Structures are given as structure tokens and as C-alpha cells.
Amino acid sequence: MHSLYMVLIDPFVQMVSAPDLFLQTIWEGLVAGVLYALIALGFVLIFKASGVFNFAQGMMVVFAGLTLIAFQDLGVPAPLALILAVGVMYLMAVTIERTVLRPLVNQPDIILFMATFGITYILIGVGEMIFGGEPKDVNTKAFMLPQGSLEIPAFGGFVQLQKIDIAAAIIAALMIGALAFFFQKTRIGRALRAVADSHKAALSVGISLNQIWVIVWFAAGIVALVAGIMWGARSNVSFALQVVALKALPVLILGGFTSIPGAIIGGLIIGIGEKIGEFYWGPLMGGGIESWLAYLIALGFLLFRPQGLFGEKIIERI
Amino acid sequence: MNVSVQSNPHTLAKGDTLLAVENVSLAFGGVKAITDVSFDIKKGEIRAIIGPNGAGKTSMLNVINGFYHPQQGRITFKGETRQKMRPYVAASQGIARTFQNVALFKGMSTLDNIMAGRTLKMKTGLFWQLWRHGPAMREEVEHRHVVEEIIDFLEIQAIRKTPVGKLPYGLQKRVELGRALAMEPDLLLLDEPMAGMNLEEKEDMSRFIIDVNTQYGTTIALIEHDMGVVMDLSDRVVVLEYGRKIADGTPAAVKSDQKVIDAYLGVPH
């Protein structure tokens, strides 16, 4: 009886009795969620345009972050370092298209998926060779990202908001809005979706697969760079981040693999769910809920709504 | 349809050779799909390619629009001779096609599918595209105009916004034709445009094919199994069997050709 009370009732009593703490938890969740959403967005971009789950996206975040830091460490001023890092992302997109995607055109998706594993390990190898294995910090001051925190009084207590988190949320929102618009409303956006649906039909109307793939991987690279900066500004960039990036997988299952709004809302739900679970239910099980709760939520979705919240429902005619 | 963009600088007169394939051979490993086939397509005609299953008809279309690269032979389109086509070159030179098993962009609406056919006609760069403003917006409106005319022509106004994956097969084929027409092609390749259709749908499709040919002067090459349709529609017919050409001529001539009759009905051994 007591344990039932502890699981089903006590956490809610705590939430109501300390609403400021509850708000703080939600905020922390939102912040984590924005980062998940940004990483998931990179996956969605590539999935939409090539039907491939890009396992390397997490590593691209790390690689992009480390590239930027390396340029800064060389004494390059921040804006120039940013431009150079974008340039490196472009080169990476072109290289991947030339050496991996082009030879594998029209192969089954699973082959391309395996190829992205290969890309991951090549990036890890090259990354460690160039940047070394130790974690590194992004010089946030150089990017004029705000520091410090705001304290907002609420319910007798206060909620503490890091300014950098607010900045991250705004940048992510702008970026996502721009991408969604681009995908839905422009010729290139339409070509991207066309390539995702059918390679041969896209070829027959004269869409260049090569060009589209470069654009998509480049866009995913830029998203990775932004995610890398935001992550690096909060803690640091290390190769371990790659594993955290796989949290994007439950986010995508929740939001739907093909939906940009889905990536956002999925990210936020997972972020908030994790923090609340960890804070209120974690102590009951000795903590550590955060690392697996997302996958549990995703499992529930797979059982009842496999296309996710916003994914296209696939109807197969037989 | 107001043809505003002429893709071809030197215009051919009706009856000139638009496309010629010469001595084309195509093999996949040891399997010979096409052996030493030559024929031509004249501007303004409806040319049918017929033959029993596995005769190499679809392979021939794939060679013409560059999906397959023949080991031997040459392809001459609009006076330019190539050893092999490439899909992008074929599309930009004015060859459009439909597929035997409908290849549409299933997640996209009818409108977006047909708009995708305008890809090569749209020129604004990434910069304007990003803002969807100025030239990009003007261009979008202009091309939407053409697409709406095609939608009217094919009588598919009601399904303009429907994702094509949800449409019945007959309508999907019509949308696919619309996407090919949006390219304002000089040569339209139709791979079994009436497969799986009922009589009424077949009649509609025949009417569209004839209208495209007469109103816009589009040259059409089609593969079809319904002999009645082929004989009614086409000006000239080429017959393939086991990857070889066995007859070429008017429908009437081909119909009475002994080799063709043997190919379709079999010969006693």
C-alpha cells in the first residue's frame, strides 16, 4: 500500500506543494528538449530526402562542434571560424555524396543505413586524429551568447532561467521555422520531398539526385553545427555526445520520422518527460531514469501509434 | 497550355526524325534484353512499341531516357547523337515519361506532383528560394498557372490537394501523365498507360493521348498491350520479340505480318 502511494500519489503531492520547483523542472526539460529537437531535426532532414536513417547525425554534431572549436583555438575570430566551420560542413556533404551516396544510388535503404554506420566510424577516426579525444569547451563569449541567468519569482519561490538556454530556444525555433517553410513552399523543397518518395520518378522529371543530396547533407550539417554550439555552450563537446544524440531516435518515433513539427514536439515531450520522471520518480528507483525513460515512452508509441504524432500514415494498397 | 518556354532552339518540322535508335544492344550480364534494334520516331506521330512479355519494350524506353546504358548502338535525339543518354540530359532536352507501375511522389498532393514536373523550367536560385520572395514568388505563380491548365485539361480539379497515394490507380496514372505534360516535352514516353484500367478509364486515357498529340503536337511513343487501343491510336508500330525487332510499319501492315502473328499466337514446332 505504501509503495503504491509513493508511486501514484506522492509525486503529484510534491508537484503541487512546491510549484516553483515543478516549473523549474519543466524548464530544465524544455531546455533538454530543444537540444533533442535540434538533433532530431538533422535526422528528419536526411530521412525526408533520402528515406535513410542517418546514424552519423550524432557524430556530425560532435564533428561540427569540434571543428568550430579547433578554428577558435587557432586564434581565428569567431564569425570567421563560424563561416569556416560551415565551409567544412559543405565539404563533408560533397564528399559523402561523391564517395558514399552516388555509388549506392537505387540500393535498398538498409544498405544506405549501413553506409551511415561507416560514415560514423570514419568521422570518429578522423575526428580523434585531428582534434584529439579529450572534451573541449566552446568559447561562448566570442559568439556574444548571453551569460548568467534570470530569476523569475513564481509561487513564492523563483524559477531560474539560464540566458544561454533562452537564446538556444529562440535560435532553434527560428531555424526550424525556416526549414519547415523551405520544405513546404519552394521548388527545391518540393524536389527534396520528391527525391524522398521515388528516385526514378525524380530522375525522370530532371531533378538531379546529386545536387539534392548535397543540399540535404549540407543542411543537416548546419543543423548539427548549431546543435554542437548550443550543446558546447552548456557543457562541453566530446565524443560521448554522440551517444546522447541517439536520444533523437525516441524523439523521432514520437514525432514521426518525416515531420519537422513532430521532431520539435517530440523533442520537448521527451525532454520534459525525462526531467519530471527523474526528479519525482527517480528517487524511488535509485535514480538514473533519465537514460531509459525516453525509450520506454517510444516503445509505448510504437505499440499504439507507430507512425508517430505527425508522421504520414502509410497506406499500402494490396 | 500556353507554351511560353521553348526548350529547343532549332525546331523540327512535322515528319522529321525526332529520335533514332541505331543498332542498340543491351545486356544484363548474360541476359540479352535488346539485340541490335534500330527504329526512329518522327516528329508529331504516335509511335507504338508492342511485343509479348519480356520482349524488351520497357528496357527500350529506359535506354531512350537514360536509365539504362546500352553496350552498343547510338541514340540520336534532335540531331544530336549520343552513345548513351543520361536521365538529366534526357529530361532537360525534352523527353518526359511515365512508368509501368506508376512512380509518383506518394506523400505529395496532385498539385505538388505536377509542379515537380516544372522543376527544370524553374530557375530562381537558392537565395530567393529561401525567402520565397521576389523572383521566386513570381516564378511560382507563373508555373502554377501552367499546372492549373494541365489539371483542367486532365479533368482532375477535384483531387488537386489530395495526396496521390490515396488516389485510385486510374487517377494516379492520370496524375503521372500530368506530371510528364508539365515538362512540356518534345517526346513523351508512355509505358503501358492503360494497364489495369477499365474500359471507361481506357477511353478517357486514349482521348487524352490523342488530344496531347493533336493540340500540342507532342510526339508520343507508347507501350501498350491492348491491341485495339494500339491499332486505333498509333501512326506506326514497332514490334519486338525476345529483344529483337521483328516488324515495323503501319498498324494494318503489322497486324497482317506473319512473324507478328506467330510471335503472339505461337508457331507449331
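Here is a chat between a biologist and a modeller about a predicted model with chains A and B.

Biologist: Before we dig in, what should I know about how the model is numbered and filtered?
Modeller: Residues count from 1 along each chain as its sequence is written, and chains are lettered from A, with ligands numbered from 1, in the order in which they are written. This is a predicted model, where local features need pLDDT of at least 70 and side-chain atom pairs count only at pLDDT 80 or more, while totals for chains, interfaces and linings use all residues.

Biologist: Cool. How many helices and strands does chain A have?
Modeller: Helices here are DSSP runs of H or I with at least four residues, strands are runs of E with at least two, and both are numbered from the N terminus. On that basis, the secondary structure of chain A comes to 14 helices and two strands.

Biologist: And what is the radius of gyration of chain A?
Modeller: That radius is taken over C-alpha atoms, and the globule rule to hold it against is 2.2 Å times the number of residues to the power 0.38. For 318 residues the rule gives 20 Å, and chain A is close to that, so it is as compact as a globular protein of that length. Its C-alpha trace spans about 65 × 60 × 35 Å along the principal axes. The radius of gyration of chain A is 21 Å.

Biologist: Which residue takes a positive phi in the hairpin of β1(A) and β2(A)?
Modeller: Strands count as paired if DSSP finds at least two bridges between them. β1 (residues 149–154) and β2 (residues 157–162) of chain A run antiparallel and are joined by six bridges, with A:Pro153 partnered by A:Phe158. The hairpin has two residues between the strands, and the one with a positive phi, near 50°, is A:Phe155.

Biologist: Now the helices. What do we call the angle between α3(A) and α4(A)?
Modeller: Axes are lines fitted to C-alpha atoms, for helices over the stretch in contact, and angles run from 0 to 180 degrees between N-to-C directions. The axes of α3 (residues 19–50) and α4 (residues 57–73) of chain A come within 9 Å and cross at roughly 120°. Under 35 degrees is roughly parallel, over 145 roughly antiparallel, 65 to 115 roughly perpendicular and the rest oblique. That makes α3(A), relative to α4(A), oblique.

Biologist: Which classes of residue make up the contact of α8(A) with α10(A)?
Modeller: α8 (residues 187–197) and α10 (residues 209–234) of chain A pack at about 105°, with axes 10 Å apart. Residues are in contact if their C-beta atoms, placed from the backbone, lie within 7 Å, and here A:Ile188, A:Ala191, A:Leu192 and A:Val195 meet A:Leu209, A:Ile212, A:Ile215 and A:Val216. Ala, Val, Leu, Ile, Met, Phe, Trp, Tyr, Cys and Pro count as nonpolar, Asp, Glu, Lys and Arg as charged, and the others, Gly among them, as polar. The tally has no polar, no charged and eight nonpolar residues.

Biologist: Over to chain B. What is its radius of gyration?
Modeller: Chain B comes to 10 helices and 10 strands. The globule rule gives 18 Å for its 269 residues, and chain B is close to that, so it is as compact as a globular protein of that length. The radius of gyration of chain B is 19 Å.

Biologist: Which strands stand at the edges of the four-stranded sheet in chain B?
Modeller: This open sheet has the order β2-β1-β4-β5, with antiparallel pairing. Each edge strand has a single partner, so one side of it is left without a neighbour in the sheet. The edge strands are β2 (31–42) and β5 (80–82) of chain B.

Biologist: And which strands are at the edges of the six-stranded one?
Modeller: The order there is β6-β7-β8-β3-β9-β10 (chain B), and the pairing is mixed. The twist averages 20° from one strand to the next. Inside it, β3 (residues 46–50) and β9 (residues 236–241) run parallel over four bridges. The edge strands, each with a single partner, are β6 (95–97) and β10 (244–249) of chain B.

Biologist: Last one: which element gives the most to the side of chain B that touches chain A?
Modeller: In all, 29 residues of chain B are in contact with 21 residues of chain A. The elements giving two or more residues on the chain B side are α2 (87–93), α3 (110–116) and α4 (126–131) of chain B. With four residues, the top giver is α2(B).

Notes: Contact = placed C-beta atoms within 7 Å.
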